[in-house]
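Subject: A structure for you to look through

Hi,

Here is the structure I promised to pass on to you. Please open it alongside this email and follow along as you read.

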Amino acid sequence: MMQSEDARFLKRKIKGGQIEVHPTENALLVTYEVEATILGDLGDPMLGEKKECKKVIRVKSLNKNTKISTLAKELVDKCNLIHPSRLAEVEQLLYYLQNRKLSEKVESKIEKEYKLESKPKDPFADTENGKQANINELEDYIEMLYEELPEKIYGTAMILQLSRYPDNLEELVQNEALLGALSRILREDWKKSTEVATNIVYIFFCLSTFSQFHNIVAYYKIGALNPQLKKDFERSYKKFRNLVDKQNQLLRVSLYLLLNLSEDMRVEIKMKNKEIIPMLISLMGRDNEELLILAVSFLKKLSIFSENVTEMIENNIIKKLMLILNIPNEGLLNVTLRFLLNLSFDNKLRGQMVKAGIVPKLIGFLDNSKQATVAICILYHISFNDKFKAIFMQSKCMPKLMQLILESPPGIIDIEIAALVVNLVANKRNAELICDGGGLKLLMKRAIKFKDPLLFKMLRNVSQHKELQKQFVNYLSEMGNIVANESNEDLVLEALGIIANISFPNLNYYRLYTQYNLDKVLMKNLQHGATEDDLLLVTIMVTGTLCQSKECATALASKGVVEALINLLNAKQEDDEIVLQVMYVFYQLLFHDTTRDITIQQSQATAYFVDLMHDKNKEIRTICEGALDVIMDYNTEWAKKIRNERFRWHNSQWLDMIENRDQSVNSNDDGMFEDDEYHADILDRPELFYGDIPYDAGILVLQLYIDISIVM
């Protein structure tokens with residue numbers, strides 16, 4: 001290391017660089033390089049440093065009448081950074097400046113770009129007043145320092161703007177009146193205005209960023225003032241905090257008073273009309289936890305009315321509440337979550353919660369036994385929206401819910417957890433996460449052990465996904481045992497639902513059917529009025545699944561399942577879901593030769609297919625069309641009737657027109673056609689296809705009203 005006594009001489013060398021035109025002002029920019037070398041006793045260099053600098057030479061006197069050659073010679077003589085040999089170059093630049101005329105648009109663009117390049121990031125942006133400072137008005141700014149407080153604030157703000165440009169610093173430090181006035185105001189008047197003090201300290205901070213100005217900052221003892229400023233600020237801040245604490249106490253008591261009075265609904269309406277909601281929301285920015293508890297509790301009480309919720313949405317209530325969730329106060333956290341639970345009934349607010357990132361926060365509260373239930377209820381409401389269910393997968397919610405289920409006390413799991421998971425597993429990816437790593441086996445084991453209908457409901461939803469159904473095949477025997485032997489209808493309902501969802505053509509359903517005597521349960525439930533509609537519906541669905549097997553279909557048909565389903569159709573015609581599932585059972589029966597004739601010839605099933613093939617429900621129409629196609633392949637008599645019906649439906653308007661015409665023409669013809677002849681097969685009546693145009697030259701001119709090829 002070099003010792004201070006070893007240094008004897010300092011050699012300073014300046015090397016000139018480029019000369020450029022200033023982009024926004026009447027000035028030249030001179031770039032130069034300073035090389036400083038410290039020499040020892042023998043003149044040998046011990047330490048050296050190079051630094052690039054830039055000097056701004058303002059030519060305030062430049063105008064259209066200025067003599068360029070004289071001004072250029074004056075600048076070269078006064079500025080030792082410009083070598084006399086560059087006189088011609090300076091003249092050329094000055095001539096360019098004299099003739100430069102920038103449009104306001106171009107000038108503002110250049111000025112903006114220059115600022116972006118040279119202006120440092122400002123941590124005190126709020127000290128500026130939005131006006132642009134000009135170095136040519138520096139004297140005016142200095143005079144403002146001797147005026148009243150508003151002028152001092154404006155003047156220091158303008159000088160601060162100038163000090164942010166490194167090009168201006170050298171000119172500022174050469175103005176002793178400026179620096180003296182700033183240091184005096186900082187010592188004497190800083191208590192009068194924090195803004196003035198901040199501006200002045202920041203001005204000296206800009207100077208301190210360059211080492212060559214450190215001696216100037218030290219000369220005016222700015223560093224020595226900082227400890228005193230800190231002590232005075234701490235005293236002022238303490239007074240301020242005392243004032244805020246007293247204010248918080250007053251607000252807390254006042255809110256408690258209003259909260260008590262709001263028990264009267266008429267008084268609460270008056271408070272609402274006096275805009276209490278925006279006032280309460282503004283208080284949520286305070287740091288007094290007791291005051292926050294009262295404000296949130298009051299808002300929670302008001303949130304039971306939709307009109308109040310609308311006003312809360314307008315005041316960005318969710319953003320305020322998200323900040324409060326970070327405060328480690330159990331009481332405040334609990335009332336905030338309950339308030340969010342009230343708000344989560346609104347679909348728009350649920351979207352805002354998700355956008356604000358509430359799902360990961362709520363999942364974090366699942367480990368907190370005091371807050372877990374309310375957090376789960378909010379998550380349950382969010383899970384209503386299908387587009388939000390994927391967020392739970394991304395936030396690692398499913399493993400946590402699995403842990404809560406498996407670690408629950410013996411017995412039925414909490415209904416809140418069950419409801420949330422039932423919703424979430426409707427998403428295929430969430431269901432896969434539940435089943436991964438042997439999860440399905442663990443859940444099924446617990447559900448069977450504790451006979452938990454809620455857990456079975458969740459598993460039933462999982463079994464809806466085709467990709468996961470193979471994992472349920474091994475548990476069909478347990479489901480059959482529950483259906484055959486359990487008296488709990490809720491449990492039987494979910495077990496039947498799982499069986500109904502497991503649909504594989506090559507699966508041995510007949511073994512399950514005979515082993516657990518499912519025909520007794522199914523036929524009992526299929527009797528009209530024997531069970532509730534939800535159990536009836538799932539029983540019909542199981543019947544449709546079992547009827548994929550020829551043996552099961554034959555056995556059920558012999559037990560009278562077709563007649564039972566016809567009776568249900570007569571009784572439940574208005575229930576589209578039941579009608580759809582009954583028609584699906586009939587559709588399955590048509591594929592087996594042992595049950596096809598029973599369905600077509602010995603029941604009204606085909607008539608129902610014809611009647612419902614134009615139903616409003618698209619799924620019912622699809623099933624009926626498919627069934628009728630099968631019937632037409634195996635029964636010629638019904639095939640003819642079905643074609644007639646399809647023709648009538650497709651051409652109903654045209655047929656009505658023909659019928660009306662025939663009635664008008666034949667009104668005076670007594671018994672020209674017998675009834676049975678007139679109502680013969682509609683496709684055998686040529687007058688419906690051809691107009692009343694005679695033969696001409698042996699050629700029959702056909703006027704086709706409709707293309708019937710689609711129904712033939």
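Let's begin with a salt bridge: the side chains of Arg 241 and Asp 287 meet in one, at 3.5 Å from N to O. This pair links distant parts of the chain, 46 residues apart. Arg 241 belongs to helix H10 (residues 222-261), while Asp 287 sits in the loop between helix H12 (276-283) and helix H13 (289-302). Before going further, please keep in mind that this is a predicted model.

Is Asp 287 buried or exposed? With 51% relative accessibility, Asp 287 counts as exposed, because the cut-off for that class is over 50%. Its partner Arg 241 has a relative accessible area of 22% and is partly exposed. The pair also has company: Arg 241, Asp 245 and Asp 287 are linked in a network of salt bridges.

**Other salt bridges**

How many salt bridges are there by the rule used here? The count comes to 23. Two further examples are worth finding on your screen.

- Asp 386 and Lys 389 form a salt bridge, and their closest N and O atoms are 2.9 Å apart. Asp 386 is exposed at 58% relative accessibility, whereas Lys 389 is buried at 8%. Lys 389 gets that label because buried means under 20%.
- Arg 86 and Glu 89 meet through their side chains in a salt bridge of 3.1 Å, N to O. Here Arg 86 is partly exposed, with 21% relative accessibility, and Glu 89 is partly exposed too, with a relative accessible area of 30%.

**A negative patch on the surface**

Next, please turn to the stretch around helix H4 (residues 138-144). Which residues form the negative surface patch? They are Glu 137, Glu 139, Asp 140, Glu 143, Glu 147, Glu 148 and Glu 151. Helix H4 supplies the largest share of this patch, with three residues. Glu 143 lies in that helix, and Glu 143 is exposed, with a relative accessible area of 52%. It can join the patch because a patch residue needs over 30% relative accessible area and no salt bridge.

**A helix to examine**

Helix H7 (residues 176-189) is a good one for practice. It has 14 residues and reaches 19 Å from its first C-alpha to its last, close to the 20 Å expected at 1.5 Å a residue. Which residues of H7 are buried? They are Leu 178, Leu 179, Ala 181, Leu 182, Ser 183, Ile 185, Leu 186 and Asp 189.

**Two backbone angles to check**

Most residues other than glycine have a negative phi. Against that background, have a look at Asn 316, which has a positive phi near 55 degrees. Where is Asn 316 placed? It is in the loop between helix H14 (306-314) and helix H15 (317-324). Asn 316 is partly exposed, with a relative accessible area of 44%.

Lys 451 is another non-glycine residue with a positive phi, of about 50 degrees. You will find Lys 451 in the loop between helix H24 (439-450) and helix H25 (453-462). With a relative accessible area of 45%, Lys 451 is partly exposed.

Enjoy exploring, and write back with any questions.

Best wishes

Key:
Residues are numbered from 1 along each chain as its sequence is written. This is a predicted model: local features need pLDDT of at least 70, side-chain atom pairs count only at pLDDT 80 or more; totals for chains, interfaces and linings use all residues. Side-chain values use heavy atoms; hydrogens and water are left out. Patches are made of residues with over 30% relative accessible area and no salt bridge: like charges are joined within 9 Å, nonpolar side chains (Val, Leu, Ile, Met, Phe, Trp, Tyr) within 5 Å. Accessible areas come from the Shrake-Rupley method with a 1.4 Å probe; for residues, only the protein chains shown count as cover. A salt bridge is a side-chain nitrogen of Lys or Arg within 4 Å of a carboxyl oxygen of Asp or Glu. Lys and Arg count as positive and Asp and Glu as negative; His and the chain ends are not counted. The place of a charge is taken as NZ of Lys, CZ of Arg, CG of Asp or CD of Glu. Helices (H or I, at least four residues) and strands (E, at least two) are DSSP runs, numbered from the N terminus. Buried means under 20% relative accessible area, exposed over 50%, partly exposed in between (1.4 Å probe, protein chains only). The expected span of a helix is 1.5 Å times one less than its number of residues.
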